[in-house]
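Visitor: Got a minute to go through some charged side chains with me? I'd like to start with how exposed one of them is.
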Amino acid sequence: MTVVTVALLVLHFVTRESSNDYDEPSPTQKPATTGGSGNYLLGVGRADCTGPVAEIPLMGYANPDQVGGGLLTRLYSRAFIVAEPNDSRRVVFVSIDIGMVSQRLRLEVLKELKSKYGELYRRDNVILSGTHTHSGPGGYFQYTLFWITSKGLIKPNLDAIVNGIVKSIDIAHQNMKRGRLFLNRGVVENSQINRSPYSYLQNPASERSRYSTNTDKEMVMLKMVDENGHDLGLISWFAVHPVSMNNTNHLVNSDNMGYASLLFEQEKNKGVLPGEGSFVAAFASSNLGDVSPNTKGPFCINTGESCDNPQSTCPVGGASMCMAMGPGTDMFDSTRIIAQNIYLKAKELYTSAAQQLTGPLLSAHQWVNMSDVQVQLNATHTVKTCKPALGHSFAAGTIDGVGAFNFTQGSVEGDPFWDNIRDQLLGEPSNETKTCHQPKPVLFSTGEMTWPHPWHPDIVDVQIATIGSLAIVAVPGEFTTMSGRRLREAVKSVRMDVVIAGLCNVYTHYITTYEEYQVQRYEAASTIYGPHTLSAYIQLYRGLARAIAMNTVQDLPSGPEPPLFNVTSLTLVPAVTPDRAPVNKTFGDVLQEVNVQYRVGEVAAVTFVGANPRNSAENVTEHNFLTVERYTNVTGSWQVVQNDASWDTRFYWTKGSSGQSNVTIEWHIPSSTEPGIYRIQYFGHYRRLLKQFYPFEGTSAAFEITNL
């Protein structure tokens, strides 16, 4: 029983700074006047990176029961290249609809880029940033902790993401043209709350008094146009967790940030399907560590009373009953509302952007052993970071996705029961680790766990890229609101405009302030390098910023290169079995037909004899599972109006027994739908023995859409 308990525990949860760090924020800079010819070479590109949509654990909530069972929206990699006119220097920023960038993923992308482009795209000038959707397939990590809940390394998904990133960069590279960049900023309202306000209140009152809110509400938007003023794309950075879709969801999707991208791209790419068109809009992550989109806040789901307390617990049922809710009627509606808020602000900022960026492109990068960084707090005090470890409150989860076994946030003491189980099965943390991480009670001493491979990274990327006066600070984890503010202020003393790009290059969980660390809520328990993690990062990023400012980047030591483990054969995902159709049926046959007529706002649904969607992911690049088509009287043909990347379509796969399965496709008919005759088509691949794949399709009966 003990072994089972600890196995469940691991499976379930594995998916003070110097006052010199506080500088008074600079006043908002007035926009510059537009004008002038294109002063940069610009390229934008977008490519699908969805991967398998069925039977693969979703990455984010670390819930072993949350595996893919279909598709809501596709996942995309969006790449942006900025080069100097003489092409002497360039910077690449890629925002990817995935939970986070893993070290394995980055190393493989850099390897592919080097084989194609030589030294043009390198570790110092390529930034890979995950949007942090919690509804994308996992299995693309090499460190043990992450592939426990992902059931190992899942090669088809890793390959899909690597190929999508490289393809998006290829497209951007091939389409480069002279253009201009404009920067704009604005406040996004009604879209976020601080999910650990008690932690935030531990920061000095003098520091908190300089800010009007306990989250960063400002959106930073970078607009790209060609030399004739034609739209090319945008990058928006805004701090909010893409967890509008909760841990009961099984449909692969890009959550609120990804849907905002689709909305903006559909606005600019008129007349084409989602995922198509030349304009590319990325809504990228920032310092979102303690920021939730579930704006109704935490409530006890069994009683309805508030559980906004330091431990996030309910009088009846404890921590497992305390959950935050979004603004909508369900998670789909909440995702839509938050996405539209973000999209509308970006649209406003894009239209009014007038501060033109000019100046050189520079970048700096180092690999750092974050387990052993000496931090100079002041003239007399030096501290150091720790070997990675997770605290007891890590197991509690958050109000966006609670844990199990009633672990609670804010635990500053261990639990003898769980500590004893850990000691027997995983080994007791060393006294050095316990002391270094105080007041965190160590649950998993991951820095001392090396079988079959290390459980957490020691070697971490730190990176800054600058475009004129703008510094993009690429951070390898989830900075809390105040941590991000301190880091921005530290870099701002060297650069004029600073934006934090989150979840870049390698994932190291959370980064809280020293004060937040003391109360050990989830974010602090997940600050794996100890209480001085933020101070170490501030010191490191200041060093990068100064090297850029003083033109001494070439003198920076590159640091210890990260390892690449051979874990390609480690997976617990079951192999795809041959597909079977029911007796007297064939693949694509309709089992439950559509209605004859629907009105706008209703849901058209059809169920087919299906096959495992993994067949298509492994057999066809960028496979489309469905279309919604409208009959055109003029041409006597069917025109595709929606596909499986559309927000209004949902693709559900239900696995049966003996290789049989069903697919249900829903079309949530939007208000903009023209009256007429429509049909729904399904496209799949069934599998026979010896890995033989055969394509098939199914078609619903025609049905009418009316406004009546």
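Visitor: Lysine 116: buried, exposed or partly exposed?
Guide: Partly exposed, since its relative accessibility is 47%. Keep in mind that this is a predicted model.

Visitor: Which residue does lysine 116 form a salt bridge with?
Guide: Aspartate 170, and the closest N and O atoms are 2.4 Å apart. Aspartate 170 counts as buried, at 10% relative accessibility.

Visitor: Where do those two sit?
Guide: Lysine 116 is in helix H2 (residues 103-117) and aspartate 170 is in helix H4 (residues 155-174), so the salt bridge ties together parts 54 residues apart in sequence.

Visitor: OK, zooming out. How many salt bridges turn up in the whole structure?
Guide: The search finds 36.

Visitor: What about glutamate 489, which lysine does its side chain meet?
Guide: Lysine 492, in a salt bridge at 3.7 Å, N to O. The two are 3 residues apart in helix H11 (residues 481-492), which means about one helical turn separates them.

Visitor: And is glutamate 489 buried or exposed?
Guide: Buried, with a relative accessible area of 7%. Lysine 492 is partly exposed, at 22%.

Visitor: Which residues do shared partners join into one network?
Guide: Arg46, Arg78, Asp97 and Glu265 are linked that way by salt bridges.

Visitor: Last one: what does glutamate 428 pair with in a salt bridge?
Guide: Lysine 434, with the closest N and O atoms 2.8 Å apart. Lysine 434 counts as partly exposed, at 29% relative accessibility.

How values were computed:
Residues numbered from 1 in each chain as written. Predicted model: local features only at pLDDT ≥ 70, side-chain atom pairs only at ≥ 80, totals over all residues. Heavy atoms only, no water. Salt bridge = Lys/Arg side-chain N within 4 Å of Asp/Glu carboxyl O. Helix = DSSP H or I, 4+ residues; strand = E, 2+ residues; numbered from the N terminus. Buried < 20%, exposed > 50% of the residue type's maximum accessible area, 1.4 Å probe, protein only.
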